[in-house]
Amino acid sequence: MTLTLCTGNYAAGHTLALAGEANRAARGCCGGAYPITPQTEIIEYLRAVAFTKGRVVPVESEHSAMGVCIGASIAGARAFTASSSNGLAYMTENVFAAGYYRLPIVMIAVNRTLGPPWNIWVDQGDSLALRDAPWLQFYCDSHQDLVDTIAVAFRVAEDLRVLLPVMVAMDGFITSHTNMVVDLLDQERMDDYLPLCNVPHQLRHSHPTTVGNLTWPRETERHRRDIQEAMERVPRVLDEAIGEFEAVFGRRVAGAIEAEETGDAETILIASSTMAATLRHVIRARRARGERIGMIRIKQFRPFPRADLVRAIGNAKRVGVLDRNHSPGSGGIFWSEVAASLRDASVLLQNYIAGIGGGDVTPETIDAIADDLTRRTAATDPVWQEIAV
Amino acid sequence: MIEMTLYGRGGQGGVTLAKLIASAWFARGKHAQAFGVYAAERSGAPIQAYVRVDDAEITNHNQIRKPDHVIVLDPTLIGGTILSGASIDGWIILNTPQQVRAWDAFSGRRIAAIDATAIAIRHGLGTRTTPIVNTTMMGAIARAFGFSLDEVRRLLNEYGYGGANLDAAREAFDSVEIVKLDGEPLIVKSTRPPAPISSLLDPDTGKPPAIRTGSWATRRPQRRTLTPPCNANCPAGNDVQRFLDEAARGDYDRALAVLLETSPLPGVCGRVCPAPCMISCNRHALDEGVNVRDIERFVADHANWPDPVTPWRRERAAIVGSGPAGISAAYHLARSGWHVALFESSDELGGVLRHGIPDYRLPKDVLDRELGFVLMHGVNAYVDSYINAPAVDALADAYDAVFVATGLQSSRSIDIANATQGIEFLDRVHRHDVVLTGQRVIVAGGGNTAVDAARSALRLGAASVRILYRRTRAEMPAIREEIDAALEEGVVLDELALPERFDAGRLQCIRVILGEPDSSGRRRPIPEPSSRFTIDCDQLILALGQEADRSIAGNANVFFGGDFATSDGTVAAAIGSGRRAAEVITHRFAPTERARIATTDDLHLNLFEHEPRHHALAVPPDLRRHNFLEVHAGIEDASAEARRCLSCGVCNRCDRCRDHCPDGILTRSGDEYRFDYDYCKGCGVCASECPRGVVVMEEI
Amino acid sequence: MSTIIADEPLLRPGNTNCAGCGMSIGLQWLDEAFADHRPYLVIPAACAIVTAGAFPTTAYGVPTLASTFASASAYATGVSVVAELNGDPHPTVCWAGDGGTYDIGVASLSAAAERNEDILYICYDNEIYGNTGGQRSSATPEGAMTSTTPRGKAEWKKDMVAIMAAHRIPYAATLSVAHRDDFLRKLRVARETRGFRFLLMLSPCPIGWKSSSDESIELIDLAVRCGLFPLYEVHDGERYTINSRPDGTDLREYLARQRRYAGTSLDPEVARVKIEKQWEFLEVMARLSS
């Protein structure tokens, strides 16, 4: 373990590069790259890497960035890219294509508010707008979680039981541009950890196929069911991947959810990304004051970990979901997924919209939310938690 | 609720027809629904459309699986499968050119049948290759369902389908054949799709498509062979197209071999034939006809002559006359293995080739080369052997067959003193027995003999030479190029004049006018008494045509040919005559059916590049008129000129058809072309791209 | 490393292209020129991907990747880069219609050209969005009626070869199905050239042009001969070679055979002047290049 002080972007670029280089004994690595705030340092890092067998292509748009990844992946290479906000939106069509093509592409989503009007600060709406695409989604709460999850992402994506692309999200600026201490992985152990990339439906002249031609409803239905079944196999594969990571790197990476102090909790707050780190402080402080309160960090948004969540919620009577995102006409997106998971109508489930457009969610904000939740008699429509800035 | 299914092909307007049907009922106050099944609807691919009609609002949006009525827009889709789920009481409405008959699959059902394709094409609806039949079908459908013609008219006008569409619909309405077939109706259940469903990750995807697109075609390409006009018009029966094909490839030896199959005198014909092949050549419609004659000459002069065969049979033939007919008969008989004896009355072999055609047209070494080739087939030739009628009878006893080809021995004449016969004159020229220095020579006649006599006279030093002809230049039977050459050399042509009296250096002539056509089809010259005139003349040569000496009679094994029999007058005809005689004699003659002659309408002239004809070089007139050296030098590049041949109606494996087939279903193996009709869509590009009319589209 | 399936045609019989489709002819000749260099095909949304027919069968006998409409050049970049990284000699060929080239695909095309990716991009241009029923594209010529220009398109056709030449790519050229030897020669030149190559084929479309399927080739011949569709090559964006000059054929002969020009407001005289101006430019560039 060698500790470094660096930004989240640097750490992400570094890890992607290790993963790409680890495939040099097979078809190599390749990805398309297009800059957008706050992701640019990732692609700058990648463009400077002298891969043994790899190339990062500077394209003219995010749509093409994912296009290059798709071409590279179906040609058998390990493929990756990064984007954010409007870049993710512009990329949407090819994001769906990558998933439908069952390609193990890894993309770093540096969460940033969608616009215009332009806003460069953190908001999860950009990656969540793609939640219906057949991609795994992980939301990281720290630099270390980010680095480790990127490595795990390749392992899970390329597993033949999964074969789906993975989005690894981090908070724009808060993670991407903040310098923190992190253990950056090394090439030798990455080579150990990641098997060589093997795309079974790779384009081959020995057996020419056409990928993507007209597909009738019945075959399409089968195709979509296959994808769902692959999603259902993710918990098992993730568990193995995390186990193998621990064996190689000596560290246990967080899984789909992280529950803390939920065992006997009456009240549980749920959050994701760095807001969950802030939430942790609040929970520990309130616990110290004797409150039976716990928290759940949802890290894996797709596939949505219903069973894990329900188990972690246990007998808690009040559950609050913090969303730094909002679906107009509905509410927070994590909240709506949690609501769909909770069959127990006796649980008071309340949605708190906090940090939209990059607002600074402080411990005080979360304390206020916790106070509100514990005092409630009934759930109401999503509450917009006002932010000072 | 009424439900109906329409089966058609993309591009025929099936979806629009569904809408029209729905609209017809809508106009009567019903609720209606019309839609097509959208997929990869390429032109020609089978498609379905549906119509629902009901009194109540229609909320069912599924595809129809149990139609009350079935409508088929394309005859090639008619089959048992269209009955899938169909009610036995409903209509089957068909676009078909066939009469409704006892189709087994449709027994017991109500049928309405109309040839909508023919009607649509007649009214100009759609394109030639994809007629749009929907409005026509609407007429038939309306009649079956009890709509009035008025309702049809209003319906079509509402959609702007007036004019031809309306006429077509009306015609279909009036002429649709409606019948209920006997027997028990066949019930065909709705088909269920097959069980296994493939996935993107299955290892065995990517197999070829299962559709046999040949079922789309309404026309099919066929190959045919027509007779090129050159072949049809060659009196010798040469396969002109084939020898040009070999020459075009640069294989002069093979080209010569083709010629030698029919004619032993290619070098001769390549110089003196009037070339009806060239005159009939279709290439005139593009730029200029192919210079076949000079190619034949080139091939004869430059190719390697094959080894002759020697007789191997016991049969013996006698041939009287060593002109082209006799030479040809001798050659073909000898090639068939016969022993041949050739008798010639004069002191040299060759007949008119030797004595009647001057050296400047036909150098005698060329004649000797080809005569020599024939003789080397074991033919024994006897000169100075005059065979009269009794001698012919003797030959008939001694030989298995006798062929008499003595040509035209007597010259026609007019009653005029002091004149020389043209044929005799040319013979004396040949023997270097004439001097004409300073003389004013007049030749009467219009054929080759007259022109040859005139040009020879010039070369022998005549001070002036005129040809006197009783009709105009256009009617002169001599080869046109020879007439031109004579005039270039300074021969003067006097048209519409007859000689009357010749003596003391003056020739009295009379002008004529042309009256009604005579038995030869040419206008008859009528002397004008008031138009006599005289010209200075030292020598008058009459070349008014020749006739056969009819003293020789026939016999069982005596055959006649050449000019002696037919008076055709050309070397080529004589050659053909000699060959046919040999075939009859050896019992190998079989009249062949010939395909019709290819015309310019059969060709795609737009696919050929313009290229001027290679003309033979000729010695300039002012040089050549002083000697008997050969005037024409032939062409340099026979292969290039042969490549100008269009090969009318005969495939020369240019591969254009194959190269342009969009679906790659036309293949060639060796010389054989094959269409894969399982996949041919009938687009017709192959036929359009065949420059020579070999590939044509035929209705299925 | 590569295994060539020599006998497998690139476009298999049983494909669902319309009878007389110009694109089919182009694929046959691509097959011929690339007989020993079997390509990876990348095909955006276009008639050409419908050609493949329905999954799980395919009418393509080479590995083929369907891309989203705007992304053929991007997907092809990925395929091409990975092939190069792995010493894979199979060339990457984009086979795209005019919609995916001139319009929605023009950004990714321009970018791949600017990066000089090792891709052969062939546009079969039938001058409409054929797959969707025949709407106008920027490749639609002036005066042509389409389903979205019922009275004839007002604007002149975009000059895609000029745009590609401006990227200074190693090789750009126009192709005609009526000039087979020229077509094949250019495919071979493209095959032997490295970097980004762009070929534009005027593709007769009997359905879209409302012409007869057996006249497909003749129509293109007329287009070339009347000067409307020049046959030329551009090396490195600056060396122009003209392959065929107009021979005096009247533009009207070309227009008369297609019902998409029936009743159009196009003035052949105005068109003729524009054609002449384009030829002036080409002749100047050809002279500068010699």
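**Notes on the predicted model: cysteines and chain A**

1. A search of the whole structure turns up zero disulfides over all chains. Please keep in mind that this is a predicted model.

2. Two cysteines of chain B are worth a look here. Cys234(B) is in no disulfide, and its nearest cysteine sulfur, belonging to Cys277(B), lies 6.4 Å away. A disulfide needs the two sulfur atoms within 2.5 Å, so this pair does not qualify. With 14% relative accessibility, where the cut-off is under 20%, Cys234(B) counts as buried.

3. Cys651(B) is likewise in no disulfide. For Cys651(B), the nearest cysteine sulfur is that of Cys657(B), 6.5 Å away.

4. Turning to chain A, you will find twelve helices and 16 strands. The C-alpha trace of chain A spans about 65 × 50 × 45 Å along its principal axes. Chain A has a radius of gyration of 20 Å, which agrees with the value near 21 Å for a compact globule because the chain has 389 residues.

5. How much of chain A is buried? Of its 389 residues, 63% count as buried. Contacts tell us about the fold too: among those in chain A between residues at least 6 apart in sequence, 83% join residues at least 24 apart.

6. On the surface, chain A exposes about 14,200 Å², and carbon and sulfur atoms supply 52% of that area. As for charge, chain A carries 38 positive and 46 negative side chains. The centres of these two sets lie 5 Å apart.

Technical notes. Residues are numbered from 1 along each chain as its sequence is written. Chains are lettered from A and ligands numbered from 1 in the order in which they are written. This is a predicted model: local features need pLDDT of at least 70, side-chain atom pairs count only at pLDDT 80 or more; totals for chains, interfaces and linings use all residues. Side-chain values use heavy atoms; hydrogens and water are left out. Helices (H or I, at least four residues) and strands (E, at least two) are DSSP runs, numbered from the N terminus. The radius of gyration is taken over C-alpha atoms; the globule rule is 2.2 Å times the number of residues to the power 0.38. Buried means under 20% relative accessible area, exposed over 50%, partly exposed in between (1.4 Å probe, protein chains only). Contact means heavy atoms within 4.5 Å. Accessible areas come from the Shrake-Rupley method with a 1.4 Å probe; for residues, only the protein chains shown count as cover. Lys and Arg count as positive and Asp and Glu as negative; His and the chain ends are not counted. The place of a charge is taken as NZ of Lys, CZ of Arg, CG of Asp or CD of Glu.
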